[in-house]
Amino acid sequence: MSTIKVNNIQTASGGSNSTPEQIEQGRAKAWIRYDGTGTPAITDSFNISSISEVDDGQNIISFTTAFANTNYIGVPTSSTGDNAMFTLLHSLFLATGSCRLITRENRTTNRVGVAYTACAFFGDV
């Protein structure tokens, strides 16, 4: 296996200059898209080993490669796919090897499983 060592990466025209460190720090280290209705089912993912349901609207997402610490961030989003008239709120509870993601209806404590749920994670692995 060969290794390419560079100080900067650019487009062919010389634009979009990036160092390898900038690329490493800026890309998502894990992401998932899943159907959260009923038993959660992963649609597609990167660096995700599994998802398990705690209860409706509350899932544990486990990483294939754990994060170095709990200072990473998760950026969740959900859609019911039916132009619903409520907003979905998310709570994240971070651990190095997993993340608990809770989805609630706007202004309620009701947890709700959502058909189109996704989350990207950024940080050091």
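These entries record what I looked up in a predicted model.

**Entry 1: the S3-S4-S7-S6 sheet**

I began with the strand order and found an open sheet of four strands, arranged S3-S4-S7-S6 with antiparallel pairing. I noted strand S3 (48-55) and strand S6 (88-94) as its edges, since each pairs on one side only. For the twist, I read an average of 20 degrees between neighbouring strands of this sheet, direction ignored.

I then looked at the pairing of S3 with strand S4 (residues 58-63). These two run antiparallel and are joined by six bridges. Within this pairing, I identified Ile61 in S4 as the bridge partner of Ile51.

**Entry 2: the S2-S1-S8-S5 sheet**

I next turned to another open sheet of four strands, with the order S2-S1-S8-S5 and antiparallel pairing. Its edges are strand S2 (41-46) and strand S5 (73-79), each of which pairs on one side only. Here I read an average turn of 15 degrees between neighbouring strands, direction ignored.

For S5 and S8, I recorded an antiparallel course and seven bridges. I also noted that Thr117 in S8 is the residue opposite Ser78.

**Entry 3: the nonpolar core**

I asked which residues have the most contacts inside the largest nonpolar core. They are Ile32, Tyr34, Ile48, Ile61, Phe63, Tyr72 and Phe121, in a core of 13 residues. Two or more residues are contributed by each of strand S1 (30-35), S3, S4, S7 and strand S8 (116-122). S1 supplies the largest share, three residues. As background, I noted that nonpolar side chains tend to be buried together in soluble globular proteins.

I followed Ile61 further, setting aside residues up to four places away in sequence. Its contacts include Ile32, Tyr34, Ile48 and Phe121, which are also listed among the core residues with the most contacts. Ile61 further touches Ser50, Ile51, Gly97, Ser98, Cys99 and Leu101.

**Entry 4: Gly97**

The contact with Ile61 led me to Gly97, which I located in the loop between S6 and strand S7 (98-105). Is Gly97 buried, partly exposed or exposed? I classed Gly97 as partly exposed because its relative accessibility is 31%, a value between the cut-offs of 20% and 50%.

Beyond its neighbours within four places in sequence, I found Gly97 in contact with Ile61, Ser62, Phe63 and Ala66. I also checked its separation from Phe46: the two lie 51 residues apart in sequence, with 14 Å between their C-alpha atoms.

Terms used:
Residues numbered from 1 in each chain as written. Predicted model: local features only at pLDDT ≥ 70, side-chain atom pairs only at ≥ 80, totals over all residues. Heavy atoms only, no water. Pairing = 2+ DSSP bridges. Axes fitted to C-alpha atoms, helices over the stretch in contact; angles between N-to-C directions. Buried < 20%, exposed > 50% of the residue type's maximum accessible area, 1.4 Å probe, protein only. Contact = heavy atoms within 4.5 Å. Core = buried A, V, L, I, M, F, W, Y, C linked by side-chain atoms within 4.5 Å.
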